[in-house]
Amino acid sequence: MIPRVPFRPAPGHRTLMGRGLLMFLIMTLILGTILPLGASSSPDVSSRNGQDNHNHSHRSQDHEGKHHDNKSRKAFPVLEFDYQHVRIPFEIALWVLLASLMKLGFHLIPRLSSIVPESCLLIVVGLLVGGLIKLVGESPPVLDSKVFFLYLLPPIILDAGYFLPIRPFSENLGTILMFAVVGTLWNSFFIGGLLYAVCQIEGANLLRVDLLSCLLFGAIISAVDPVAVLAVFEEIHINELLHILVFGESLLNDAVTVVLYHLFEEFAGVGTVSVVDVFLGILSFLVVSMGGVLVGAIYGFLSALTSRFTSHQRVIEPLFVFMYSYMAYLSAEIFHLSGIMALIACGAVMRPYVEANISHKSHTTIKYFLKMWSSVSETLIFIFLGVSTVAGPHQWNWTFVVMTVILCLVARVLGVVGLTYVINKFRIVKLTTKDQFIIAYGGLRGAIAFSLVFLLDKDHFPDKHMFLTAIITIIFFTVFVQGMTIRPLVDLLAVKKKQETKRSINEEIHTQFLDHLLTGIEDICGHYGHHHWKDKLNRFNKKYIKKCLIAGERSKEPQLIAFYHKMEMKQAIELVESGSGAKLPSAMPSTISLQNIQPKKPADRALPQLSKGREEEIRKILRNNLQRTRQRLQSYNRHTLVADPYEDGWKEILLKKKKIELEKKISQMNNYLTVPAPPSDSPTMARARLASDPQAWRVKPDTDNVPTIKVDLASPQSPESVNVVDEFGKRGGQPQREPEGEDGGLTMKVPSSSGKAPTKADSDDPREQQRLMRCLSDPGPAPDEEEDDDEPFLP
Amino acid sequence: MGSTASTLSKIPDVETLMQETGFTPAHMVRLYDRFKALDKERKGHLCPQDFGAIKELAENPIGDRIVGAFFSQGQETLDFHSFVRILAHFRPVDKDRPRDPNVPEPINSRSNKLKFAFQLYDQDKDGKISRAELLQIIWQVLRAMLEMQVTEEQLESIADRTIQEADLDRDEAISFDEFRKSLEKVNIDHKMSIRFLR
């Protein structure tokens, strides 16, 4: 059992021990993977024989009656080895476990994970495992296309679709569609055509590859892969616009790929494509894409409608979300529509309504499950890519492969440049050369292309193996070369990175105001532009759809209020916890001043009392706020999860607010205590903090400093990394930063003395507080605390 | 092209107007047609009632403010020049504009856009957004959500918090600089531009 202390990089021997332990686990697992596969062949025979004997003896016993009981009676087996009947689940579980341990392992070596993107490491691991399996003499498993498309791909796409940032996506939809549709078409024909021309060259020994095969190959390989893009782009924190452009393109080009693939595959047998077929192909494209979106939207609505009625059965709410989405994908696949687009549409459509309806815990569950599944899927995909490389029959042809690589790059660059030239005529915020470069460079290929080639029929496509080899080479090239170099290039070119925005309420109000302003101006100009339609859609949404899909009166909550509630409630909780000694400045509602709430425990100092009336007011406000805050704010990030105030970010907020309070009081009170220094990081504290923190933050190694977590609740982006700042250094009682820096957005600090449950921390005395924290750092029964959703916090 | 030229000739002072605002002739023609379409009684100028006739504007929660911005200083008529000048604020920003300190900033520069927006907030034109004005804004913006379940108390808290966040010099009101600072992360060029007015 792994000790409770997680693998926090601690100084000295702990790191080594931790790493050693992990390495040991990994080795065990790898061996464990090999052995069963090896074992499956040999005891296979013996166990089957054993079973046959058993059956045989049973039958003969039955036939011959009782006197056989004594004859062929074996000793009762105390311990048996029967691997066969758990074989498949066992192997699957083993692979998943291996994948997850790999993920853990990479982050123990910080240098490595900052240079090499995770996807590369995983492929290398796959190569190693595949090699090992081959050494043992077994044939390594290949990435089965069915497994890939039906089980591995949907979680990733659903995760992407559910958390898709709708606003930047819809604003850039035209650009994205241009890249996805026109760009992919251009790529396929360019690559396919030129490859055919190359194949015609005498010396290459490729004459047998006909035009249609080349075109099909071009179609498969030209599609940018969402899995690879996600895996690489997540780590480079590029600005939102570029991220959504490349990512959106990778999602939407699925329709084009599907159509082209089926088109060329159909006619590869026949050998020619007529004009009618081309026309039908175009029609098919429209059907595939629109149909996919429609199917997704229908299931999305169904899911939203179902979630309206789940108020009494909260536990199965996440199940509905997952099942409906999966059904959308499968239904689309039945008709050969674009499953990816269906999944994206389903997730995007159902999200606002479902989130308004479901309980907070379900929301957390959905978030966690999606991230978990997509993470595991992605890891498995990359590992299997590596293993399949070792496994698959290869046919290497220098000309073909090299030309493919070159043509891919050239086609991508030309396509992006050409399209941007056209697109920039229609955009307000134009794409610069740097943007174009990143878009071109970010066109990674991945496992979808591989699986598609794998599905090809060998009879129609005798060159399947050559295609496979070429595709694997391309995938390796893009993932390794482009994936590894994109990060330094981004830094070199000083491409704008993702802003760590703390969405303040100012921005919220002003943005909405400006939206209305622009809508008005558009109406004055008589111009039906972007804002006009968005406004119309919003009105329609609020008038009809929300009424029917969202339960009860929650349909009426404006976003601004929800946002504000969230902030205020958090502040209220913290202030109640910290218990200030003075009347608060205008931060709090003007009608209420959260003065010190009288603690239950006797304090060492006499504290000002709250009148009963005030206390009641406070409770009422808190209760109302807690019940009303329903709308969740956008979070879009694959690997990290944005904290919710209900979750364990309390303690951070709590202490942050305490800091603010103390700082405020500096200016107001004379006899003020200095800002307390944190106690040293005792194991209890550490355990409480980390044990209660379910989020997989990648905490940069720094033990006795205070990590500062900048979390943004409202903006589409959220910071991934945890910035470590030594806040409590020598600065004593001075304000740690300017008051305006701490906006309504959340900058939470996690000092090492964090308690868990909302407590009646009462005094200003730092020692007292820490003592209280320490007492309460033991988590205690979890449900108690979690149930406070709908109950007042104050006793 | 012929109709463009002839329409252009109908507009008085069109050359200076184009230079001042940066609109192209095609834009000017379009705006002129729109101006005439709004001016139903063919008066040659617009009055607030003409704006009121635009249906969507009536539904807009800040519609009256927008109309008020067109009619500055209590005037009752709006001629084409002023119409175009105001709309010029929403032209997309020219990225390649040379930063010549002598030439005044064009109407559609970022800070002029912000000034325009600020004027919409600041109804009494004292250069600051006071708490009362902010309250009104928030109320109107919320009213757009087709729902009135907001209590006075909540409104006031929101207003308080907004001011607290933005107010740097602690004068309980938001000046233009504070306004600009609070929006520095928002891409104003994008948010306050209409593609049509390219």
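This is a short tutorial dialogue on reading a predicted model with chains A and B.

Q: Let's begin with the overall make-up. How many helices and strands are there in chain A?

A: Counting elements is a good way in. Chain A has 27 helices and three strands. Of its 795 residues, 56% count as buried.

Q: And what are the elements of chain B, from the N terminus on?

A: Chain B holds twelve helices and two strands. Read from the N terminus, the order is α-α-α-α-α-α-α-α-β-α-α-β-α-α. Buried residues account for 50% of the 198 residues in this chain.

Q: What share of the contacts joins residues 24 or more positions apart in each chain?

A: Here we look at sequence separation among contacts. In chain A, taking contacts with a separation of 6 or more, residues 24 or more positions apart account for 80%. In chain B, among contacts between residues at least 6 apart in sequence, 57% join residues at least 24 apart.

Q: What do carbon and sulfur atoms supply of the surface that chain A exposes?

A: Split the accessible area by atom type. Chain A exposes about 35,000 Å², and carbon and sulfur atoms supply 64% of it. For chain B the accessible surface is about 9,800 Å², with 51% belonging to carbon and sulfur atoms.

Q: Now the interior. Which residues touch the most other members of the largest nonpolar core?

A: The general idea is that in soluble globular proteins, nonpolar side chains tend to be buried together. In this model the largest nonpolar core has 135 residues, and those touching the most other members are A:Trp95, A:Phe148, A:Leu153, A:Phe233 and A:Ile471. Helix H11 of chain A, residues 240-270, gives the most to this core, with 16 residues. Another core lies apart from it, with 65 residues, among them B:Leu38, B:Val67, B:Leu120 and B:Leu183.

Q: Which residues does A:Ile471 touch, not counting residues up to four places away in sequence?

A: Leaving those neighbours out brings the other partners into view. A:Ile471 touches A:Phe217, A:Ile220, A:Ile221, A:Ala449, A:Phe450 and A:Val453.

Q: Some of those partners belong to helix H18 of chain A. Why is H18 said to be largely enclosed?

A: Look at burial residue by residue, with under 20% relative accessible area as the cut-off. Helix H18 of chain A spans residues 447-454, and seven of its eight residues are buried, so it is largely enclosed by the rest of the structure. The buried ones are A:Ala447, A:Ile448, A:Ala449, A:Phe450, A:Ser451, A:Leu452 and A:Val453.

Q: Which residues are in contact with A:Thr257, leaving aside neighbours within four places in sequence?

A: A:Thr257 lies in helix H11 of chain A and counts as buried, at 5% relative accessibility. A:Thr257 is in contact with A:Ala219, A:Ala223 and A:Leu452, once neighbours within four places are set aside.

Q: Where is A:Leu385 found, and is A:Leu385 buried or exposed?

A: A:Leu385 is found in helix H15 of chain A, residues 360-391. This leucine is buried, with a relative accessible area of 1%. Beyond residues up to four places away in sequence, A:Leu385 touches A:Ala447, A:Phe450 and A:Ile475. Its C-alpha atom is separated by 8.9 Å from that of A:Gly446, 61 residues apart along the chain.

Q: How about A:Ala99: what is its place in chain A?

A: A:Ala99 sits in helix H3 of chain A, residues 87-108, and counts as buried at 1% relative accessibility. A:Ala99 touches A:Thr379, A:Leu380 and A:Ile383, not counting residues up to four places away in sequence. A:Ala99 and A:Ser375 are 276 residues apart in sequence and 9.7 Å apart C-alpha to C-alpha.

Q: Where does helix H8 of chain A bend?

A: Check end-to-end span along with the local bend. H8 of chain A, residues 173-199, has 27 residues that should span 39 Å at 1.5 Å a residue, and the end C-alpha atoms are 38 Å apart, which agrees. H8 of chain A bends by about 25° at A:Gly183.

Q: And where does helix H19 of chain A bend?

A: H19 of chain A, residues 464-492, has 29 residues and reaches 40 Å from first C-alpha to last, close to the 42 Å expected. The helix bends by about 40° at A:Ile486, and a proline, A:Pro488, follows within four residues. After H19 of chain A comes A:Ala494, whose phi is positive, near 55°.

Q: Finally, which residues of chain B does the EF-hand annotation cover?

A: An annotation comes from a record, so weigh that source too. The unreviewed UniProt entry gives "domain: EF-hand" for residues 109-144 and 154-189 of chain B. In the model, residues 154-189 of chain B are 61% helix and 6% strand, with end C-alpha atoms 32 Å apart.

Conventions: Residues numbered from 1 in each chain as written. Chains lettered and ligands numbered in written order. Predicted model: local features only at pLDDT ≥ 70, side-chain atom pairs only at ≥ 80, totals over all residues. Heavy atoms only, no water. Core = buried A, V, L, I, M, F, W, Y, C linked by side-chain atoms within 4.5 Å. Buried < 20%, exposed > 50% of the residue type's maximum accessible area, 1.4 Å probe, protein only. Contact = heavy atoms within 4.5 Å. Expected span 1.5 Å × (residues − 1). Bend = angle between axes of the 7 residues up to and from the residue. Areas by Shrake-Rupley, 256 points an atom, 1.4 Å probe, with all protein chains shown as cover.
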